[in-house]
Amino acid sequence: MSEERYGEFVLVRRHGYVAELVLDRPKAMNAVSTEMARSLAAACAALAADRDARVVVLTSSSERAFCVGADLKERNSFSDADLVRQRPTARGAYTGVLELPVPTIAAVHGFALGGGFELALACDLIVADATAVVGLPEVSVGVIPGGGGTQLLPRRVGAARAAELIFTARRVDAPEAAALGLVDQLTEAGQDREDALALAAKIAANSPVGLRSAKRALRLGMGLDLRAGLEVEDAAWRATAFSGDRPEGVAAFNEKRAPQWPGE
């Protein structure tokens, strides 16, 4: 297993074709400072360009939290001009995770609040353990979700449920989060990372071209009418069907062996 650090607070670990993107600011429960946001965006840019990264798992080195959102201690010292200057950097971190071209899984334990929950929502799947507490409490501190929450949450749970959660700013424990669809898989306390990495390994065994194309079709087709969505799917199908992965996948199936994906 290899490791590469991006700044002080972000780490990438390699597990074969699975890349683990670690939020590594445990003393602050991974509060997203300007420096951490910049490092997260840089790590995502590198992963997006890496053809050996078939799945990305977003994890936390903090025992108490996945991520508690924006660094409000840093924000407390900001002038309005500082906040304006910092906004593109903050957005870059959330957009970096959201636009990763491969499947992404968030491994959540403890607090995932505000921007922390938005980082999880930016992933395709969320695995949460029994200690998880999630929510978007921004209106309680005079802002709104600004890392994609007002757009990603209704796409996950519907407009009315998202409105209730955002307007009340309430925190949701793990059992209710699973019942509402705020998370996709609930696991025992302390098992979120292990289970997310296991799920990632299962996904990474599939066609790299297929995974990227399927994600592209899912993301681009969301919100389109059915006819337009089917055109997006057809384009993604063609990009996959005429890659080297299709003949290898068919041959491996017929020869009853594991495929050796060309990945292009």
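Modeller: Buried means under 20% relative accessible area, exposed means over 50%, and partly exposed lies in between. Keep those cut-offs at hand. The model here is a predicted one.

Colleague: Why is Pro 262 called partly exposed?

Modeller: Its relative accessibility is 44%. Partly exposed is the class between 20% and 50%, so Pro 262 counts as partly exposed.

Colleague: Where is Pro 262 found, and what is it in contact with?

Modeller: Pro 262 is found in the segment after α11, the helix of residues 245–254. Leaving aside neighbours within four places in sequence, Pro 262 is in contact with Gly 244, Asp 245 and Glu 248. Its C-alpha is also 8.6 Å from that of Ser 243, with the two positions 19 residues apart in sequence.

Colleague: Lys 256 lies in that segment after α11 too. What makes Lys 256 exposed?

Modeller: Its relative accessibility is 76%. Exposed means over 50%, so Lys 256 counts as exposed.

Colleague: What makes the phi of Lys 256 worth a remark?

Modeller: Phi is about 55 degrees, a positive value, and Lys 256 is not a glycine. Most residues other than glycine have a negative phi. Met 29 has a positive phi as well, near 50 degrees. Met 29 has its place in the loop between β3 and α1.

Colleague: And Thr 168: buried, partly exposed or exposed?

Modeller: Thr 168 has a relative accessible area of 44%. That value falls between 20% and 50%, so Thr 168 is partly exposed. Thr 168 is found in helix α6, residues 159–168. In space, Thr 168 and Val 139 are 8.1 Å apart, C-alpha to C-alpha, although 29 residues separate them in sequence.

Colleague: Now the charges. How do you know that Arg 14 and Asp 50 form a salt bridge?

Modeller: The rule asks for a side-chain nitrogen of Lys or Arg within 4 Å of a carboxyl oxygen of Asp or Glu. In this pair the closest N and O atoms are 2.6 Å apart. The cut-off is 4 Å, so the pair qualifies.

Colleague: Why say that this pair links distant parts of the chain?

Modeller: Arg 14 sits in strand β2, residues 10–15. Asp 50 sits in the loop between α1 and β4. The two are 36 residues apart.

Colleague: Is Asp 50 buried or exposed, and how do you know?

Modeller: Asp 50 has 18% relative accessibility. Buried means under 20%, so Asp 50 counts as buried.

Colleague: What makes Arg 193 and Glu 20 a salt bridge?

Modeller: Their side chains meet at 2.6 Å, N to O. The limit is 4 Å, so this pair passes too. It links distant parts of the chain: Arg 193 in helix α8 and Glu 20 in strand β3, 173 residues apart.

Colleague: How do the two partners fare for exposure?

Modeller: Glu 20 has a relative accessible area of 0%, so Glu 20 is buried. Arg 193 has 33%, so Arg 193 is partly exposed. Both residues also belong to a network of salt bridges, linked with Glu 3 and Arg 13.

Colleague: Where do Asp 82 and Arg 85 lie, and what joins them?

Modeller: Both lie in helix α3, residues 80–98. They are 3 residues apart, about one turn of the helix. Their side chains meet in a salt bridge of 2.5 Å, N to O. Asp 82 has 25% relative accessibility, so Asp 82 counts as partly exposed. Arg 85 has 57%, so Arg 85 counts as exposed.

Colleague: How many salt bridges does the rule give?

Modeller: The count comes to 16 salt bridges. The chain has 30 positive and 34 negative side chains. The centres of the two sets lie 2 Å apart.

Colleague: Step back to the whole chain. How do you know that its radius of gyration agrees with a compact globule?

Modeller: With 264 residues, a compact globule would have a radius near 18 Å. The chain has 19 Å, so the value agrees. The C-alpha atoms fill a box of roughly 60 × 45 × 40 Å along the principal axes.

Colleague: What is the chain built from, and what share of its residues count as buried?

Modeller: The secondary structure comes to 11 helices and 11 strands. Of the 264 residues, 46% count as buried. The chain exposes about 13,200 Å², and carbon and sulfur atoms supply 56% of that area.

Note on methods. Residues are numbered from 1 along each chain as its sequence is written. This is a predicted model: local features need pLDDT of at least 70, side-chain atom pairs count only at pLDDT 80 or more; totals for chains, interfaces and linings use all residues. Side-chain values use heavy atoms; hydrogens and water are left out. Helices (H or I, at least four residues) and strands (E, at least two) are DSSP runs, numbered from the N terminus. Buried means under 20% relative accessible area, exposed over 50%, partly exposed in between (1.4 Å probe, protein chains only). The radius of gyration is taken over C-alpha atoms; the globule rule is 2.2 Å times the number of residues to the power 0.38. Accessible areas come from the Shrake-Rupley method with a 1.4 Å probe; for residues, only the protein chains shown count as cover. Lys and Arg count as positive and Asp and Glu as negative; His and the chain ends are not counted. The place of a charge is taken as NZ of Lys, CZ of Arg, CG of Asp or CD of Glu. Contact means heavy atoms within 4.5 Å.
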